[in-house]
Amino acid sequence: MLQATVKLCCGIAHDHLPGFKIPAVAAIQKDVKGLVVRGSCRLPSKIPHYIHRLMGKETAACPEPDGDVSPSQSSSVDLSYIAQGERALQRALSILQQRTGWQAETMLDARAAVSSTALPGLGKVFRAEVVLAVPVARLHRELFERIEQMPQWNPTLSRVKVLQRVGTDTLVTHEVTAPSPGNLVGQRDFVSVRHRVRRDAAVYLVGTATHAKLLPSQEGCIRAESRLSCIVLQPLVGDPGRTHFTWLLSMDLKGWIPASVTNRVLPQSQADFIQHLRRHLAATACP
């Protein structure tokens, strides 16, 4: 069955067949997991490498895992993370196409705003929009490639750690918020899949909660979940040195927090993040 599934899914590596991507990943993942559960852990090592070749850029070469993890198990987990990222992206794209039903939440300044809408399965979704005076490439570098350095300029975070890299476009991360006196929410930590997709001149940075068995909840923190996060970076029409920044965010902060507090804290956190990002970009601008 695995061979048949892989052959059927060969089109997954081709950009002109995007509809096959998510079902193909899910199908391969299901077959590999099935073989492992039935005791076929000693699969030939060429099988996961063959899958990697078919997946092409989606699962580019990554380091071998430490410990007694079989190749089949490693491949199955990697495919699962990619599938999570792709599903989150498709959901974000459908929300971004929604033009009505948004209500203003917070005006940052004359050039930026946060709005929200309520959606089935996600609850309140917040959308922040702003134009930043830097090119897409620089924002992309700060928000994905240099993600572990984010606490250096964002004081709301105490730590960001990349737990695993799946190819070049998918990360599993652990983020811990910074303790703050008088904070209504308290310290939280998150384990997330972060997935990067380039479409034409735009870059999509999507994230969603995942589970890491080797990373239990941290002492003093409540394990919260990012239902959906998607940052879209698009060069401004006629001015590629500036970027239209759009950020969708839906979170479950867990714990005993009234909805009224959550609905105030989340859009404010987006506003604060953008302010910190602006200051960092201005302070590190090339002369």
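Biologist: Let's start with Ala202. Is Ala202 buried or exposed?

Modeller: Keep in mind that this is a predicted model. To judge burial, you look at the relative accessible area, and under 20% means buried. Ala202 has a relative accessible area of 8%, so Ala202 is buried. You'll find Ala202 in strand 7.

Biologist: Which residues does Ala202 touch, leaving out those up to four places away in sequence?

Modeller: Ala202 touches Val197, Leu233 and Gln234. You can also compare distance along the chain with distance in space. Ala202 and His140 are 62 residues apart in sequence, and their C-alpha atoms are 10.0 Å apart.

Biologist: Asp200 is in that part of the chain too. Where does Asp200 lie?

Modeller: Asp200 lies in the loop between strand 6 and strand 7. Those two strands form a hairpin with two residues between them. Exposed means over 50% relative accessible area, and Asp200 has 86%, so Asp200 is exposed.

Biologist: What is the phi of Asp200?

Modeller: Here's the general idea: most residues other than glycine have a negative phi. Asp200 isn't a glycine, yet has a positive phi of about 55°.

Biologist: Which loop holds Lys254, and what is the phi there?

Modeller: Lys254 sits in the loop between strand 10 and helix 6. The phi of Lys254 is near 60°, again a positive value in a residue other than glycine. Lys254 has a relative accessible area of 30%, so Lys254 counts as partly exposed.

Biologist: Back to strand 6. How do I read its pairing with strand 7?

Modeller: Check the direction of the two strands and the number of bridges. Strand 6 and strand 7 run antiparallel, joined by eight bridges. One example is Arg198, whose bridge partner in strand 7 is Val203.

Biologist: In what sense does strand 6 pair with strand 5, and in what sense with strand 8?

Modeller: With strand 5, the pairing is antiparallel over seven bridges. There, Thr173 stands opposite Ser192 of strand 6. With strand 8, residues 222–223, the pairing is parallel over two bridges. In that pairing, Asp189 has Arg223 of strand 8 as its bridge partner.

Biologist: How many of the residues of strand 6 are buried?

Modeller: Nine of its 12 residues are buried, which makes strand 6 mostly covered. For the whole protein chain, buried residues make up 48% of the 287 residues.

Biologist: How do I read a nonpolar core?

Modeller: In soluble globular proteins, nonpolar side chains tend to be buried together. In this structure, the largest nonpolar core has 37 residues, and those with the most contacts inside it are Leu143, Leu233, Phe245, Phe273 and Leu277. Among the elements that give two or more residues to this core are strand 2, strand 3, helix 5 and strand 10. Helix 6 provides the largest share of this core, six residues. There is also a second, separate core of 18 residues, which includes Leu93, Leu96, Tyr204 and Val232.

Biologist: Which residues does Leu233 touch, again leaving out those up to four places away in sequence?

Modeller: Among them are Val136, Leu139, His140, Ala202, Val203 and Phe245. So try finding Leu233 in the structure and working outwards from there.

Biologist: What about the second largest pocket? Which residues are closest to its centre?

Modeller: About 1000 Å³ of space lies in the second largest pocket. Of the 40 residues that line this pocket, the closest to its centre are Thr156, Leu157, Thr177, Met251 and Ser269. Helix 6 gives the most to the lining, with seven residues.

Biologist: How do the lining residues divide into nonpolar, polar and charged?

Modeller: The lining of the second largest pocket has 22 nonpolar, 13 polar and five charged residues.

Biologist: One last residue, Asn263. Which element holds it, and what does it touch?

Modeller: Asn263 is found in helix 6. Not counting residues up to four places away in sequence, Asn263 touches Glu105, Lys124 and Phe126. The C-alpha atoms of Asn263 and Val125 are separated by 9.5 Å, with their positions 138 residues apart along the chain. Asn263 has a relative accessible area of 25%, so Asn263 is partly exposed.

Note on methods:
Residues are numbered from 1 along each chain as its sequence is written. This is a predicted model: local features need pLDDT of at least 70, side-chain atom pairs count only at pLDDT 80 or more; totals for chains, interfaces and linings use all residues. Side-chain values use heavy atoms; hydrogens and water are left out. On a 1 Å grid over the protein atoms alone, a cavity is a set of points where a 1.4 Å probe fits but cannot get out, and a pocket is an open set with protein on both sides within 12 Å along at least five of seven lines; lining residues have an atom within 4 Å of a point. Grid points are joined across faces, edges and corners, and a volume is the space filled by probe spheres set on the points. Helices (H or I, at least four residues) and strands (E, at least two) are DSSP runs, numbered from the N terminus. Ala, Val, Leu, Ile, Met, Phe, Trp, Tyr, Cys and Pro count as nonpolar, Asp, Glu, Lys and Arg as charged, and the others, Gly among them, as polar. Buried means under 20% relative accessible area, exposed over 50%, partly exposed in between (1.4 Å probe, protein chains only). Two strands pair if DSSP finds at least two bridges between them. Contact means heavy atoms within 4.5 Å. A nonpolar core is a set of buried Ala, Val, Leu, Ile, Met, Phe, Trp, Tyr and Cys residues joined through side-chain atoms within 4.5 Å.
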